[in-house]
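Reader: Pick one residue and take me through its surroundings. Then work outwards to the rest of the chain. Keep it brisk.

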Amino acid sequence: MKINWGTGIVIAFALFMSFILYFVFEVQSNSKYDNDLVVEEYYKHDSHFQEEMARIQNAQDLQQKPSIAYHEDGVEIVFPAVFENDKVKGNILLYRPSNKKFDFNTQIALTNSALLIPKNKLVKGRWDVNMEWQYGGKKYLSKEVIYVN
């Protein structure tokens, strides 16, 4: 049986397409590859974008800003001494881009103008820290990326 070049091209395309489709189905059906969205309700989240930008601008306009840093003990968030500890309210979302199972929220409860998130709650790698807080009736939002070793 002789195969001409036209039939050979069609067979090559068919094999290539089946090769690609095999990997697409493998990734979609295997629970090892997690394909979740970053934000569950994307459009609802996007509708509050202008408000979020205003809170970020409020945080950038501060003379003394809170600092977020990683130390041997964990992630330390330090507010300037001019802020009264009991008047700072809000929460901190530690977001793990690679796996949402590690994401968690922590309420802001300051002691000596600082908050420590212990290292045992954190997995090594990149963390996005979103700190939403309010002080004196004004809302703020600070976003930072830290790397845990």
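Author: Start with S142. S142 is buried because its relative accessible area is 15%, where buried means under 20%, exposed over 50% and partly exposed in between, with a 1.4 Å probe and protein chains only. This is a predicted model, in which local features need pLDDT of at least 70, side-chain atom pairs count only at pLDDT 80 or more, and totals for chains, interfaces and linings use all residues. Residues are numbered from 1 along each chain as its sequence is written, and side-chain values use heavy atoms, with hydrogens and water left out.

S142 sits in strand 7. Strands (E, at least two residues) and helices (H or I, at least four) are DSSP runs, numbered from the N terminus. What does S142 touch, once neighbours within four places in sequence are set aside? It is in contact with A59, V129, N130, M131 and W133. Contact here means heavy atoms within 4.5 Å.

Now the elements around that site. Helix 3 covers residues 49–60, and strand 6 covers 125–135. Helix 3 lies across strand 6 and strand 7, at about 80° to strand 7. Angles run from 0 to 180 degrees between N-to-C directions, and axes are lines fitted to C-alpha atoms, for helices over the stretch in contact.

Strand 7 belongs to an open sheet of four strands, in the order 4-3-6-7, with antiparallel pairing. Its edge strands are strand 4 (104–107) and strand 7 (138–148), each pairing on one side only. The twist averages 20° from one strand to the next. Two strands count as paired if DSSP finds at least two bridges between them. In a regular strand, side chains alternate between the two faces of the sheet.

Look at the other end of that sheet. Strand 3 (residues 89–95) pairs with strand 4 in the antiparallel sense, over four bridges. There, I92 stands opposite T106 in strand 4.

A three-stranded sheet comes next. It is open, has the order 1-2-5 and pairs antiparallel. Strand 1 and strand 5 (114–118) are its edges, each pairing on one side only. The twist averages 15° between one strand and the next. Strand 1 (residues 67–70) and strand 2 (residues 74–78) run antiparallel and share four bridges. They form a hairpin with three residues between them. Y70 has V75 in strand 2 as its bridge partner. V75 also has a bridge partner in strand 5, namely I117. Strand 2 and strand 5 pair antiparallel over five bridges.

Step back to the whole chain. There are three helices and seven strands, in the order α-α-α-β-β-β-β-β-β-β from the N terminus on. An unreviewed UniProt entry lists residues 6–25 as "transmembrane region". UniProt positions follow the numbering used here, feature names are shortened, and annotations may be inferred rather than shown by experiment. That stretch is 100% helix and 0% strand, with its end C-alpha atoms 29 Å apart.

The C-alpha trace spans about 90 × 35 × 25 Å along its principal axes. The radius of gyration is 24 Å, against near 15 Å for a compact globule of 149 residues. That radius is taken over C-alpha atoms, and the globule rule is 2.2 Å times the number of residues to the power 0.38. Buried residues make up 26% of the 149.

Finally, confidence. Mean pLDDT (the predictor's confidence in each residue, from 0 to 100) is 86, and 93% of residues reach 70 or more. Among the elements, helix 1 (residues 5–29) has the highest mean, 93, and helix 2 (residues 42–46) the lowest, 68.
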